[in-house]
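This report describes selected features of one protein chain, from its surface to its interior. Please consult the sequence and the structure while reading.

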Amino acid sequence: MLDISFIRTNPELVKTGMLNKGEKDASAVDAVIAKDEEWRALVTELDQLRAESNAKAKQIGQLMGQGKKEEAQALIRETGDSKDKIKELEDTISKVSEERDNLLYSIPNVPDASVPVGKTDEENVIHKTWGEPAGQEWRLPHWDIASEKKWIDFERGSKVTGAGFPFYVDKMARLQRALINWFLNEAVEYGYTELQAPYFVNEDSARGTGQIPDKEDMMYTIPRDGFFTIPTAEVPVTNFHRDEIFAQDDLPVYYTAYTPCWRREAGSYGKEVRGLNRLHQFDKVELVKIVHPDESNQELETLREYAESLLEKLKLPYRTLLMCTGDMGFTQTKKYDLEVWSPGQQRWLEVSSCSNFGSYQARRMQLRFRNDKGKTEILHTLNGSGLALPRIVASILETYQTEAGDIRVPNVLQSFMGTEII
């Protein structure tokens, strides 16, 4: 969430950011400022009452020492009334604080000044292109290849669980495993520390990274235990250090983790989601950075460049989009999307989002560091996919297929697969 002092100082900037992100109105800004003023007035009143109560307690001691019991008893009665008032104020302050926090949770992050203002994906800016997108010619879409080879079984997945939960069979399961191992090895070699993270998180973790109260409908829940299945490893990994304080010399911190991910993707239908284009369960290797506030802008660029390098090593044509304000997420201050070319479908498929959240997530999680003056500051967090597998697999099947119907294995995966052709 945003710092309340930042909102008080920059209310119009925050309102503009909300509207540019597609919020219907920005009244929450005025409401949270008013609620904060109410909270501060109550805190001032409480501090004053406590000071008066402490002064009277000291005075009672002095009167009792002087043998003035009647005067002391009168003050004791007054002090009792003050204690009741203090307890009442403490309860009110707690309630107002919760109301203020709920308003803060409803205000999205402010877009960085370098983010283009726009309402839809048509106003995203192409930041980079790499490779030459192939024509369709004889190339089949990946779902036809997978069906012909019996490599992906959507029907049995639907029988066992439901639509969007496929089985990967034989060589396709091996290709998935090869990609996961290669992505993790590349990340570790680059300097990321590998984690094996929980697949379920509690409400505090979901709130910490901003899935609550923005994306509840996207997550599967386990009501009996109060857990959520993770929509991405970003959630458990970024929460790994929740409520902790780093030494400045320990920064930056890079983590990588492979996990399955679950997303409900409600309202998704048609050709756009056919085959592997959109699933309810999929595999992904995630990259998370925890960095000094002064470094997060540059860390976003190196995160993007690293994710791009994976696509270049796989020799898959791609483009990088700088997302406009209206096509960004609730929590991001700046975001790039990487889209790989699908020659069998003749369209671009998103395979990675690289995002800078500034202090937005870290403030929710109280993720801090101690600066060189010994004071604590809120850190900045970033994450990106390195990479999401389904659409990478789709692009490989369509890009590397031969006219004979075989699939050439990308060079970087051949040692993991033990073959050049599948």
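Is Phe 167 buried, partly exposed or exposed?

## A residue at the surface

In this predicted model, Phe 167 has a relative accessible area of 39%. Because buried means under 20% and exposed means over 50%, Phe 167 counts as partly exposed.

Phe 167 belongs to strand β3, which covers residues 167-168. Together with Val 160 and Val 169, Phe 167 makes a nonpolar surface patch of about 250 Å².

## The nonpolar core and helix α7

The largest nonpolar core holds 53 residues, of which Met 172, Leu 179, Phe 183, Leu 311 and Ile 392 touch the most other members. Helix α7, formed by residues 171-190, gives the most to this core, with 9 residues.

The buried residues of α7 include Met 172, Leu 175, Leu 179 and Phe 183. An α-helix has 3.6 residues a turn, so residues three or four places apart point the same way. The 20 residues of α7 should span 28 Å at 1.5 Å a residue, and the end C-alpha atoms are indeed 28 Å apart. Just after α7, Gly 191 adopts a positive phi of about 125°.

## An enclosed helix

Helix α12 comprises residues 389-399, and 11 of its 11 residues are buried, so the helix is largely enclosed by the rest of the structure. Among these buried residues are Arg 391, Ile 392 and Glu 398.

Leaving aside residues up to four places away in sequence, Ile 392 touches Leu 179, Leu 311, Leu 314, Leu 316, Val 351 and Leu 387.

Technical notes. Residues are numbered from 1 along each chain as its sequence is written. This is a predicted model: local features need pLDDT of at least 70, side-chain atom pairs count only at pLDDT 80 or more; totals for chains, interfaces and linings use all residues. Side-chain values use heavy atoms; hydrogens and water are left out. Patches are made of residues with over 30% relative accessible area and no salt bridge: like charges are joined within 9 Å, nonpolar side chains (Val, Leu, Ile, Met, Phe, Trp, Tyr) within 5 Å. Accessible areas come from the Shrake-Rupley method with a 1.4 Å probe; for residues, only the protein chains shown count as cover. A salt bridge is a side-chain nitrogen of Lys or Arg within 4 Å of a carboxyl oxygen of Asp or Glu. Helices (H or I, at least four residues) and strands (E, at least two) are DSSP runs, numbered from the N terminus. Buried means under 20% relative accessible area, exposed over 50%, partly exposed in between (1.4 Å probe, protein chains only). A nonpolar core is a set of buried Ala, Val, Leu, Ile, Met, Phe, Trp, Tyr and Cys residues joined through side-chain atoms within 4.5 Å. Contact means heavy atoms within 4.5 Å. The expected span of a helix is 1.5 Å times one less than its number of residues.
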